[in-house]
Each structure stands twice: as C-alpha cells, then as structure tokens.
Amino acid sequence: MFNQKPKRMKKISLSIAALALVLTVTFTSCKKDDTAVPVVSITGNGTIELALGATWTDPGATATDENDGTITPVVTGTVNTDKVGEYTITYTATDEAGNVGTATRTVKVNASGLAGTYAAVIHYADNTTDNYNPTVTVSSTVYNKIFVANFGNYQGSYTLTGTVAGNTITFDNFTSTGSPVIKITNATGTFTKTGSIYGISSIQYTEQVDANASSVITETWTKQ
C-alpha cells in the first residue's frame with residue numbers, strides 16, 4: 001500500500017500540470033487570434049476651420065474594440081491659433097492584444113484676422129518715403145489666401161495675392177498691363193499680434209519699372 005500512494009500522487013500532479021498547459025495554450029491562442037483593430041471615431045467634423053486668435057477646444061474621439069469594448073484614445077498634436085496653417089490631431093487606441101487603431105482631424109487656422117485697412121509707409125532706396133492706405137481682404141474658400149488692393153500705391157490700384165504660412169506672407173509675382181510696365185517680384189511680408197489685434201507689419205519686394213534698374217522696396221504697415 002505504501003508503494004502505490006506515491007504513484008497515485010504523481011498521477012494527480014501530472015494531471016494538474018497537463019490542465020495548466022492546456023489552459024495556457026488556450027489563453028495564448030486566443031490572444032494570438034485577436035487581430036481586430038480598435039475602431040476610432042472622431043467627434044464632430046474631420047476638418048475644422050478657426051480664425052486667428054480663436055480658442056481651440058478639441059471635440060475629442062471615441063474608440064471601441066470587439067474584444068475589449070470601450071477604449072479611451074490617446075490624443076497627440078497641437079493647434080497654434082496665433083499662426084495660420086494646417087494642424088493634425090491624431091487619436092490612437094490600443095487594445096490588450098496590442099492592435100492599434102487611429103483617426104485624424106485637420107484643424108485649419110485661417111488668415112481672416114489680417115483683413116482690414118492699413119496705414120503704409122513706403123521706404124524707397126533713395127531714403128525718401130511715401131504714404132498710402134492698402135486694403136487687405138481674405139479668400140472665402142482658401143483659408144490661407146489674402147488679397148492686397150492698391151498695393152504699392154501705383155497708378156492703376158494693383159492687387160497682389162498672398163499666401164500665408166505661420167506668420168509669413170509670400171506674394172505672387174506681378175506684372176502690370178498698363179504704362180509704364182511695373183514688375184513686382186520676391187514680395188514677402190510678416191504679421192504680428194498687438195494685444196488681440198493681428199495685422200501685417202512689414203512688406204518687402206523688388207520693383208522694376210520698364211527697363212530701369214530694379215530696386216528693393218520696404219514698407220512698414222500699421223493696422224487701422
């Protein structure tokens with residue numbers, strides 16, 4: 001009888017070990033078979049447009065997984081409403097099996113805060129100056145486009161189109177159709193914030209009138 005008891009205990013121990021092995025294999029297999037990616041759904045619109053200086057409040061996103069249920073997404077990305085541009089907000093959800101789901105939102109900060117009338121001073125290469133009042137309007141369809149009417153105070157009231165990125169403005173080259181022929185190239189500008197007011201502060205460009213030598217012109221602007 002004493003010789004049989006250890007054999008019986010050994011048999012029970014082997015059975016428990018076998019059961020543990022089966023459970024381990026089953027659990028591992030289930031985890032391995034979980035390849036479903038969490039579904040991330042953004043709240044609100046996928047593209048949001050804001051004016052310069054507006055307050056950015058993230059509407060957020062939700063995520064669900066077929067095995068783990070509700071998951072709280074991790075949010076990455078920032079929006080700087082003091083600079084014109086496109087910003088991407090990414091929402092990421094990871095389930096217990098390591099599957100990753102993502103969704104993104106685009107936030108466009110537009111140039112509308114630059115619209116208005118300005119007092120401009122032209123600084124010529126010979127150190128003389130001139131004063132005039134350009135008017136800035138913005139595109140209703142393209143978030144980063146502006147239009148400057150009466151640019152440079154030339155006869156004919158020329159309008160220049162500018163593209164804003166961050167706080168820098170790059171203007172399209174321009175050639176007039178009148179007489180004299182005026183070419184404006186390499187025109188750039190910057191905008192600044194004074195208190196809560198956004199406005200263009202400086203413009204620089206190369207001017208050529210007919211066949212005369214070109215010169216670099218600088219203008220300082222103050223928003224009215």
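A contact means heavy atoms within 4.5 Å. This is a predicted model, in which local features need pLDDT of at least 70, side-chain atom pairs count only at pLDDT 80 or more, and totals for chains, interfaces and linings use all residues. Residues are numbered from 1 along each chain as its sequence is written, and side-chain values use heavy atoms, with hydrogens and water left out.

**Exercise 1. The chain as a whole**

Task: State what share of the contacts between residues at least 6 apart in sequence joins residues at least 24 apart, and describe the general make-up of the protein chain.

Solution. Step 1: among contacts between residues at least 6 apart in sequence, 47% join residues at least 24 apart. Step 2: the protein chain holds one helix and 17 strands; helices (H or I, at least four residues) and strands (E, at least two) are DSSP runs, numbered from the N terminus. Step 3: of the 224 residues, 31% count as buried. Here buried means under 20% relative accessible area, exposed over 50%, and partly exposed in between, with a 1.4 Å probe and protein chains only. Step 4: the accessible surface comes to about 13300 Å², of which 54% belongs to carbon and sulfur atoms; such areas come from the Shrake-Rupley method with a 1.4 Å probe, and for residues only the protein chains shown count as cover.

**Exercise 2. Strand 11 and its partners**

Task: Determine which side chains of strand 11 are buried, and identify how strand 11 pairs with strand 10 and with strand 12.

Solution. Step 1: in a regular strand the side chains alternate between the two faces of the sheet. Step 2: in strand 11 (residues 145-149), Ile146 and Val148 point to one face and are buried, whereas Lys145, Phe147 and Ala149 point to the other and are not. Step 3: two strands pair if DSSP finds at least two bridges between them. Strand 10 (residues 135-138) runs antiparallel to strand 11, and four bridges join them. Thr137 has Phe147 of strand 11 as its bridge partner, and a hairpin of six residues connects strand 10 to strand 11. Step 4: strand 12 (residues 160-165) is also antiparallel to strand 11, over four bridges, with Thr163 of strand 12 opposite Lys145.

**Exercise 3. An open sheet**

Task: Give the strand order of the open sheet of four strands and say which strands stand at its edges.

Solution. Step 1: the order is 2-7-6-5, with mixed pairing. Step 2: strand 2 (47-51) and strand 5 (74-76) each have a single partner strand, so one side of each is left without a neighbour in the sheet. Step 3: neighbouring strands of this sheet are turned by 25 degrees against each other on average, direction ignored. The axes behind this angle are lines fitted to C-alpha atoms, for helices over the stretch in contact, and angles run from 0 to 180 degrees between N-to-C directions. Step 4: strand 2 and strand 7 run parallel, joined by five bridges, and Ile48 has Val107 in strand 7 as its bridge partner.

**Exercise 4. The core and residues brought together**

Task: Name the residues of the largest nonpolar core that touch the most other members, then follow the surroundings of Gly113 and Thr81.

Solution. Step 1: a nonpolar core is a set of buried Ala, Val, Leu, Ile, Met, Phe, Trp, Tyr and Cys residues joined through side-chain atoms within 4.5 Å. Step 2: in the largest core, of 43 residues, Leu114, Ile146, Ile184, Ile200 and Trp221 touch the most other members. Among the residues that Ile200 touches are Leu114, Ile146 and Trp221. Step 3: Gly113 is in the loop between strand 7 (100-110) and strand 8 (116-123). Its C-alpha atom is separated by 5.7 Å from that of Tyr198, 85 residues apart along the chain. Step 4: Thr81, in the loop between strand 5 and strand 6 (85-94), counts as buried because its relative accessibility is 14%. Gly113 and Thr81 both touch Leu52 and Tyr198. The side chain of Thr81 also reaches the backbone oxygen of Ala54 at 3.0 Å.

**Exercise 5. Two residues with positive phi**

Task: Decide whether Asn127 and Asn150 are buried or exposed.

Solution. Step 1: most residues other than glycine have a negative phi, and most peptide bonds are trans. Step 2: phi is near 75 degrees in Asn127 and near 65 degrees in Asn150. Step 3: Asn127, in the loop between strand 8 and strand 9 (129-132), is exposed at 72% relative accessibility. Step 4: Asn150, in the loop between strand 11 and strand 12, is buried, with a relative accessible area of 19%.

How values were computed. A polar contact is a pair of N or O atoms within 3.5 Å; within protein, one must be able to donate a hydrogen and the other to accept it, and residues adjacent in sequence count only if both atoms are side-chain atoms. Lists of a residue's contacts leave out its neighbours within four places in sequence.
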